[in-house]
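Colleague: Please take a close look at one part of this model, the largest pocket, and at the helix that gives the largest share of its lining.

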Amino acid sequence: MSTTMTLRLDDEVKSRLDRLADATHRSKSFLAAEAIREFVENNEWQIREIKAAIKEAKAGDFATDADVSALATKWKVNAR
């Protein structure tokens, strides 16, 4: 199932979308829907990761100074 949505684009973005649609032999609608789908998936992933990190932080699940130093030594980075 799908739905119709109206949006406004800057003239430059519209021209770029037109050129991309021609070059890829895809419709502007397909390209816009794909871009929105990817944007939503990426933002959902970021929100899930942020929530997981907050949960870990509240549980006190942090790397120790020794853990960080060992990792920095492994990658030969001066962490301090």
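Modeller: What follows describes the pocket, then the helix, then the confidence. The model is predicted, and the mean pLDDT of the protein chain is 93, with 95% of its residues at 70 or more.

The largest pocket has a volume of about 520 Å³. It is lined by 18 residues, and those closest to its centre are Leu7, Ser29, Ala32, Ala33 and Ile36. Two elements each give two or more residues to this lining: α1, residues 11-24, and α2, residues 28-58. The largest share comes from α2, with 8 residues. By type, the lining of the pocket consists of 11 nonpolar, 4 polar and 3 charged residues.

Now to the helix itself. α2 has 31 residues, so at 1.5 Å a residue a span of 45 Å is expected; the C-alpha atoms at its ends are 45 Å apart, which agrees with that value. An α-helix has 3.6 residues a turn, so residues three or four places apart point the same way. After α2 comes glycine 60, which has a positive phi, near 75 degrees.

The side chains add one contact with a ring. Arginine 26 places its charged end over the ring of phenylalanine 30, at 4.3 Å from the ring centre. As for pairs of aromatic rings, with centres required to lie within 6.5 Å, the count is 0.

Last, the confidence differs from helix to helix. It is highest in α1, at a mean pLDDT of 98, and lowest in helix α3, residues 65-74, at 89.

How values were computed
Residues numbered from 1 in each chain as written. Predicted model: local features only at pLDDT ≥ 70, side-chain atom pairs only at ≥ 80, totals over all residues. Heavy atoms only, no water. Phe/Tyr/Trp six-rings, centres within 6.5 Å; stacked < 30°, edge-to-face > 60°. Lys NZ or Arg CZ within 6 Å of the ring centre and 35° of its normal. 1 Å grid on protein atoms, 1.4 Å probe; cavity = no way out; pocket = protein on both sides within 12 Å on 5 of 7 lines; lining within 4 Å. Points joined across faces, edges and corners; volume = space filled by probe spheres on them. Helix = DSSP H or I, 4+ residues; strand = E, 2+ residues; numbered from the N terminus. Nonpolar A, V, L, I, M, F, W, Y, C, P; charged D, E, K, R; others polar. Expected span 1.5 Å × (residues − 1). pLDDT = per-residue confidence, 0-100.
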